[in-house]
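Trainee: Got a minute? I have a structure open and no idea where to begin.
Mentor: Sure, put it up and we'll go through it.

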Amino acid sequence: MSKIGIFYGTTTGVTEDAANKIADKLDGADVFNIAGNEDKLGDYDVLILGTSTWGFGDLQDDWQTAVDELAKLDLKGKKVAYFGCGDQMTFSETYVDGIGILNEEIEKTGAEVIGQTSTEGYDFSESRAIKNSKFLGLAIDEINQPDLTDERIDMWVEELKKVL
């Protein structure tokens, strides 16, 4: 069994709640706020990274210092999955951009990115979190689609388990 670490940044608690819901479905996963825990990233075979996107495409504050550390890591042989929280109506041009920002650094580490999801069922105009017509991870919108969050997490975790 792979050792799984879930690292999130949160301002309002929404991303933390999502991290804990994901952890509940993955036996033995450890959960950390990224702030002050950057040194633990190398301890896991699988990293699940969660962030919200603030304003017009800004990374959540807890990740601001950690993001510079990400690119320096050697994550060859490790798997990385993302989840992100955003508001697809108010910030339609930057929906879950935080995922894309994290991925720009993770791409430099040699890690294998897993957990891509369909953009179907979302209503936004642009996102840095899209590659090959799919989200790089799980996109959550607790403002406009809170009724879909638990189902989206369940389906995403089931897909992750297949590649873990």
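Mentor: We'll take the record, then the strands, a helix, one odd aspartate and some charged pairs.

Trainee: Is this from an experiment or a prediction?
Mentor: This is a predicted model.

Trainee: What does UniProt say about residues 4–161?
Mentor: The unreviewed entry annotates them as "domain: Flavodoxin-like". Over that stretch the chain is 28% helix and 24% strand. The C-alpha atoms at its two ends are 11 Å apart.

Trainee: Let's do strands. Is β3 mostly covered or mostly open?
Mentor: Mostly covered. Strand β3 runs over residues 46–54, and eight of its nine residues are buried.

Trainee: Which way does β1 run against β3?
Mentor: Parallel. Strand β1, residues 4–8, pairs with β3 over five bridges. To see where they line up, find isoleucine 4, which stands opposite valine 46 in β3.

Trainee: And how many bridges join β3 to β5?
Mentor: Seven, and these two strands also run parallel. Strand β5 covers residues 79–85. Look for leucine 47, whose bridge partner in β5 is valine 80.

Trainee: What about β4? Parallel or antiparallel to β3?
Mentor: Antiparallel, over two bridges. Strand β4 is residues 58–59. Threonine 53 stands opposite leucine 59 in β4.

Trainee: What sits between β3 and β4?
Mentor: Three residues. The two strands form a hairpin. Glycine 55 is in the turn, with a positive phi of about 55°.

Trainee: Now the other sheet I see. What's the strand order with β7, β8 and β9?
Mentor: The order is β7-β9-β8, in an open sheet with antiparallel pairing. The edge strands are β7 (117–118) and β8 (130–131), and each pairs on one side only.

Trainee: How many bridges hold β7 to β9?
Mentor: Two. Strand β9 is residues 134–135. Threonine 117 stands opposite phenylalanine 135 in β9.

Trainee: Switching to helices. Why is α3 called largely enclosed?
Mentor: Because nine of its ten residues are buried. Helix α3 spans residues 97–106. Among the buried ones are Ile99, Ile101, Leu102 and Ile106. Asp97, Asn103 and Glu105 are buried as well.

Trainee: What do the buried residues of α3 pack against?
Mentor: Strands β3, β4 and β5, helix α2, and also β6 (112–113) and β10 (138–140).

Trainee: You mentioned an odd aspartate. Where is aspartate 62?
Mentor: In helix α2, which covers residues 61–70. Aspartate 62 is buried, yet has no salt bridge.

Trainee: How far off is the nearest side chain of opposite charge?
Mentor: That is lysine 40, 14 Å away. A salt bridge needs the nitrogen and oxygen within 4 Å.

Trainee: So what does the aspartate 62 side chain meet?
Mentor: Asparagine 33. Their side chains share a polar contact of 3.1 Å. Leaving out residues up to four places away in sequence, aspartate 62 touches Gly9, Thr10, Asn33, Ile34 and Ala35.

Trainee: How many salt bridges are there in the whole structure?
Mentor: Ten. Let's pick out three. Aspartate 150 and lysine 21 meet at 2.8 Å, N to O. Aspartate 150 is in helix α4 (residues 149–163) and lysine 21 is in helix α1 (residues 14–25), so this pair links distant parts of the chain, 129 residues apart.

Trainee: Are those two buried or exposed?
Mentor: In between. Aspartate 150 is partly exposed, with a relative accessible area of 43%. Lysine 21 is partly exposed too, at 33%.

Trainee: Which residue does aspartate 154 pair with?
Mentor: Lysine 25, with the closest N and O atoms 3.0 Å apart. This pair also links α4 to α1, across 129 residues. Aspartate 154 is partly exposed at 33%, and lysine 25 is partly exposed at 34%.

Trainee: And the third?
Mentor: Lysine 162 with glutamate 159, closest N and O atoms 2.9 Å apart. Both lie in α4, three residues apart, about one turn of the helix.

Trainee: Why does that spacing help?
Mentor: An α-helix has 3.6 residues a turn, so residues three or four places apart point the same way.

Trainee: Is lysine 162 buried or exposed?
Mentor: Exposed, at 63% relative accessibility. Glutamate 159 is partly exposed, at 46%.

Note on methods:
Residues are numbered from 1 along each chain as its sequence is written. This is a predicted model: local features need pLDDT of at least 70, side-chain atom pairs count only at pLDDT 80 or more; totals for chains, interfaces and linings use all residues. Side-chain values use heavy atoms; hydrogens and water are left out. UniProt positions are given in the numbering used here, feature names are shortened, and annotations may be inferred rather than shown by experiment. Helices (H or I, at least four residues) and strands (E, at least two) are DSSP runs, numbered from the N terminus. Buried means under 20% relative accessible area, exposed over 50%, partly exposed in between (1.4 Å probe, protein chains only). Lys and Arg count as positive and Asp and Glu as negative; His and the chain ends are not counted. A polar contact is a pair of N or O atoms within 3.5 Å; within protein, one must be able to donate a hydrogen and the other to accept it, and residues adjacent in sequence count only if both atoms are side-chain atoms. Contact means heavy atoms within 4.5 Å. Two strands pair if DSSP finds at least two bridges between them.
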